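Here are my notes on the model. Please read them with the structure open.

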Amino acid sequence: MALKIVYPICCGIDVHKTFVVACIASTIKGVTTYKRHRFSTYTKGLNELSQWLCENNCKDVCMESTGKYWIPVFNVLEASCNITLAHPKYVKAIRGKKTDKKDAKWIADLFKHDLVAGSFMPPLEIRQLRDLMRYRFKLTNFMSSEKNRLQNCLTVSNIQLGNVVSDTFGKSSMNIIDKILGNPLDTTFDIEPLIHGSMKKKLSDLELAIDGYITPEQADKLKVMKQHYEDLQSRKADLEKIILSLAASYTEEMNLILTVPSFKNIFSAIAVVSEIGVNMDVFPTAKHLCSWAGLTPTNNESAGKKKSVRISRAGCYIKPLLVQCATAVVKSEKHPEIRNRYLKLKKRRGHKRALIAIARMLLTAIYNILKKKEPYNPNLYKKADVLPVNREITVEQALLLAKSQGFRIITVAT
């Protein structure tokens, strides 16, 4: 049976850095004809591409997501076309028959039969918020790296502040470091005026901790790293102001997300909104969202045998956030509906798999919260955990259950 033509007129676009190759597939009475054209990726060339598509009455477009090169093409065509953005692995051409023109034709042929799985693309405002939040995540990583370098430099110079204070970058500790950098050769200064009142009892330990040897070169290096760290802090604060102003229109959704356990920081809520958006209708079920975020086992079965069930690499920004929240909430006694489920899973599957399951549980809760516009309700989980009154099991099932739990079955003679 022939495949059904879903898009009689469609276009496949092969995207490159300096040019794109477009191929329009027009199907009339079962016969498909092709028109190909190459366009520059300058704005003038992309506008010509848009006009060419309109002249050929083509509204449905499919292209692969090549690096960042697809974004300008998407921005130009978004207003006039229905764009399906595909992962390259889903539209990869057959080996040995791969050229730029054949790639575009192959994408068009797949797309006209609706065989291409489109990627989730949120609205423009959400995409802009996502871009800013991901940049904030990078700045946070840069700050952490700079803090580690500064701590290593202190360790090399045998300045052991990290052994005494809980935070090397706290106010008292930074006052001491500034004093040391003012005159690296003098470590016999009075510490008491520099430290907070609660640290007076650690005065003798602090005097021992700063008794190191710091060379002028190490001191200069420390000054550069400290200045860089402070600059990163300042740039991050500026970026957060922009993010808060852009996210103001999603206040209702963010307040709902903040009702979920372990979501206490406003930027955690903004990060979730920036990744999945606020319209949950684009995901048919919560399972689809969890699969998109890389929190579900993969389907890999052949000849009746299940192979790898590892989670995918998807959701590289939202998944770490959810795992961090899951790590925090399973330690708390305030949410027994989550902690009890974690403890049950941990016995059977281990700590890491149980954490992924709790992360999926949190994302499922967020999906339903945004879809129903209702705050988090722990009683729904408590009702689901209540076991039925009448439960039956056969002897064979009981034996299998006991074996799965590690019990050795012993037959006792009567």
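The points below cover the hairpin, unusual backbone angles, salt bridges and a charged patch.

1. Status of the model. This is a predicted model. Please read every value below as computed from predicted coordinates.

2. The β2-β3 hairpin. Strand β2 covers residues 19-28 and strand β3 covers residues 31-40. The two strands pair in the antiparallel sense, over ten bridges. For a register check, use Ser-26: this residue stands opposite Thr-33 in β3. Two residues separate β2 and β3 in the hairpin. Lys-29 sits in that turn, with a positive phi of about 55 degrees.

3. Positive phi in loops. Most residues other than glycine have a negative phi. Two loop residues deserve a look on that account. Asn-158 is not a glycine, yet has a positive phi of about 60 degrees. Asn-158 is found in the loop between α4 (124-156) and α5 (171-182). Its relative accessible area is 40%, so Asn-158 is partly exposed. Ser-262 has a positive phi of about 75 degrees and is not a glycine either. The loop that holds Ser-262 runs between α8 (251-257) and α9 (266-276). Ser-262 counts as partly exposed because its relative accessibility is 21%, and the buried class means under 20%.

4. Salt bridges overall. Side chains of opposite charge can pair when their charged atoms come close. The structure holds 13 salt bridges. Three of them are taken up in the next points.

5. A bridge between helices. Which parts of the chain does the pair Glu-275 and Arg-130 tie together? The two side chains meet in a salt bridge, at 4.0 Å from N to O. Glu-275 lies in helix α9 and Arg-130 in helix α4, so the pair ties together parts that are 145 residues apart in sequence. Both partners, Glu-275 and Arg-130, are buried. Note that the cut-off for a salt bridge is within 4 Å.

6. A bridge within α4. Helix α4 also holds both Glu-146 and Arg-149. Their side chains meet in a salt bridge, at 3.0 Å from N to O. The two residues are three apart, about one turn of the helix. Is each partner buried or partly exposed? Glu-146 is buried, at a relative accessible area of 7%. Arg-149 is partly exposed, at 44%.

7. A network with Lys-105, Asp-109 and Lys-112. Salt bridges that share partners join these three residues into one network. Within it, Asp-109 forms a salt bridge with Lys-105, and the closest N and O atoms are 3.2 Å apart. Why are Asp-109 and Lys-105 separated by about one helical turn? Because they are four residues apart in helix α3 (residues 100-112). Asp-109 counts as buried, at 16% relative accessibility. Lys-105 is partly exposed, with a relative accessible area of 26%.

8. A positive patch. Which residues form the positive surface patch? They are Arg-310, Arg-348, Arg-349 and Arg-353. Arg-349 lies in helix α12, which covers residues 336-349. The relative accessible area of Arg-349 is 44%, so this residue is partly exposed. That value also clears the patch criterion, because patch residues need over 30% relative accessible area.

Methods:
Residues numbered from 1 in each chain as written. Predicted model: local features only at pLDDT ≥ 70, side-chain atom pairs only at ≥ 80, totals over all residues. Heavy atoms only, no water. Patch = residues over 30% accessible without salt bridge, like charges linked within 9 Å, V, L, I, M, F, W, Y side chains within 5 Å. Areas by Shrake-Rupley, 256 points an atom, 1.4 Å probe, with all protein chains shown as cover. Lys, Arg positive; Asp, Glu negative; His and termini not counted. Charge placed at Lys NZ, Arg CZ, Asp CG, Glu CD. Buried < 20%, exposed > 50% of the residue type's maximum accessible area, 1.4 Å probe, protein only. Pairing = 2+ DSSP bridges.
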